[in-house]
Amino acid sequence: MKVSDAEILIVPGYTNSGPDHWQTRWEGQLSTARRVEQAEWSKPVRDDWVARVAEEVNAATKPVVLVGHSLGVPAIVHAISEMKKKVAGAFLVAPPDVSNPEIRPKHLMTFGPYPRLTLPFPSLLIASRNDPFGEYAHAEDIANAWGSFLIDAGESGHINAESGHGPWPEGTMVFAQFLGRLQG
């Protein structure tokens, strides 16, 4: 699949992805990419976020490729039951452990627990070994439950601009390979 064959939906996490974040850069570089906007980025409400993801998928006119980061990951996974249009695949990065009572801010726990069913589309999950929002073992566990291909990003923090992943050329290459393997 090529970029022009899909609608690429960028699903940021808590507080949105700023101008230096790789998701924002990809949105500007990929001709068919658009951001799933949320009404409230700093006080996320699970039902609202899930509904917005499903709404954008259902409005698509081409197969959808979801690109989720952080809290965008549980928003995507919880929205699956409301999706009526074809999702070609999901590229999921830095999933937070939303069942961990130590997560801050605490209201992020309302996005948990993660469903444990195999995802109905191909998925790739990238996780860091020192992500402050989720342990690697947690990412391994959900990737296994979902049938996702897991990529170990080493010690990469939360894989965002603050951890040095603004341009993230390695992510761009992995995304291109993932996209190339998807069917329309």
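**Figure 1. Pro-105 sits in the loop between β4 and β5 (123-127).** This is a predicted model, and here we zoom in on a stretch with some odd backbone geometry. Pro-105 is joined to Arg-104 by a cis peptide bond, with omega at about -5°. Move along to Pro-113, and you are still in the loop between β4 and β5. Gly-112 and Pro-113 are also linked by a cis peptide bond, and its omega is about -10°. Why bother pointing these out? Because most peptide bonds are trans.

**Figure 2. Ala-88, a buried residue of strand β4.** Ala-88 belongs to strand β4, which runs over residues 87-93. Is Ala-88 buried or exposed? Its relative accessibility is 5%, so Ala-88 counts as buried. As for the company Ala-88 keeps, set aside the neighbours within four places in sequence, and the contacts are Met-1, Pro-63, Val-64, Val-65, Phe-121, Pro-122, Leu-182 and Gln-183. Pro-113 from the previous view is 25 residues away along the chain, and the C-alpha atoms of Ala-88 and Pro-113 are separated by 24 Å.

**Figure 3. The largest pocket and what lines it.** There is about 290 Å³ of space in the largest pocket. Its lining is made up of 19 residues, and those nearest the centre are Tyr-14, Thr-15, Asn-16, His-158 and Asn-160. What sort of residues make up the lining? Sorted by class, ten are polar, seven are nonpolar and two are charged.

**Figure 4. Two asparagines from the pocket lining.** Asn-16 and Asn-160 are among the residues nearest the centre of the largest pocket. Asn-16 comes from the loop between β1 and α1. It has a relative accessibility of 22%, so Asn-16 counts as partly exposed. The backbone at Asn-16 has a positive phi of about 75°, even though this residue is not a glycine. Asn-160, for its part, comes from the loop between β6 and α5. With a relative accessibility of 12%, Asn-160 counts as buried. Not counting residues up to four places away in sequence, Asn-160 touches His-21, Trp-22, His-69, His-165 and Gly-166.

**Figure 5. Trp-168, another residue with a positive phi.** Look for Trp-168 in the loop between β6 (149-152) and α5. Its phi is positive, at about 45°, although Trp-168 is not a glycine. That is worth a look because most residues other than glycine have a negative phi. How accessible is Trp-168? Its relative accessibility comes to 7%, so Trp-168 counts as buried.

**Figure 6. Helix α1 and its buried side.** Helix α1 covers residues 22-29, and its buried residues are Trp-22, Gln-23 and Trp-26. They take up an arc of only 100° around the axis, so they sit on the same side of α1. What do the buried residues of α1 pack against? Their partners are β1, β2, β3, β4 and α5 (169-181). Trp-22 also turns up among the residues touched by Asn-160, which ties this view to Figure 4.

**Figure 7. Helix α5, one face in and the other side out.** The 13 residues of α5 should span 18 Å at 1.5 Å a residue, and the end C-alpha atoms are 19 Å apart, which agrees. Buried in this helix are Gly-171, Val-174, Phe-175, Phe-178 and Leu-179. Down the axis of α5 these buried residues fall within an arc of 135°, so they line one face of the helix. Which residues are exposed on the other side of α5? Those are Met-173 and Gly-180. The cover over the buried residues of α5 includes β1, α1, β3, β4, β5 and β6.

**Figure 8. Helix α2, with Ala-54 picked out.** Helix α2 takes in residues 46-58, and its 13 residues should span 18 Å at 1.5 Å a residue; the end C-alpha atoms are 18 Å apart, so the two agree. Its buried residues are Trp-49, Val-50, Arg-52, Val-53, Ala-54, Glu-56 and Val-57. The buried residues of α2 pack against β1 (7-11), β2 (33-35), β3 (64-69), α3 (72-79) and β4. Ala-54 is part of this helix, and with a relative accessible area of 2%, it counts as buried. Leaving aside neighbours within four places in sequence, Ala-54 is in contact with Ala-79 and Glu-82. How far is Ala-54 from Thr-15 in space? The C-alpha to C-alpha distance is 20 Å, with their positions 39 residues apart in sequence numbering.

Methods. Residues are numbered from 1 along each chain as its sequence is written. This is a predicted model: local features need pLDDT of at least 70, side-chain atom pairs count only at pLDDT 80 or more; totals for chains, interfaces and linings use all residues. Side-chain values use heavy atoms; hydrogens and water are left out. Helices (H or I, at least four residues) and strands (E, at least two) are DSSP runs, numbered from the N terminus. Buried means under 20% relative accessible area, exposed over 50%, partly exposed in between (1.4 Å probe, protein chains only). Contact means heavy atoms within 4.5 Å. On a 1 Å grid over the protein atoms alone, a cavity is a set of points where a 1.4 Å probe fits but cannot get out, and a pocket is an open set with protein on both sides within 12 Å along at least five of seven lines; lining residues have an atom within 4 Å of a point. Grid points are joined across faces, edges and corners, and a volume is the space filled by probe spheres set on the points. Ala, Val, Leu, Ile, Met, Phe, Trp, Tyr, Cys and Pro count as nonpolar, Asp, Glu, Lys and Arg as charged, and the others, Gly among them, as polar. The expected span of a helix is 1.5 Å times one less than its number of residues. The arc is that of the directions from the helix axis to the C-beta atoms.
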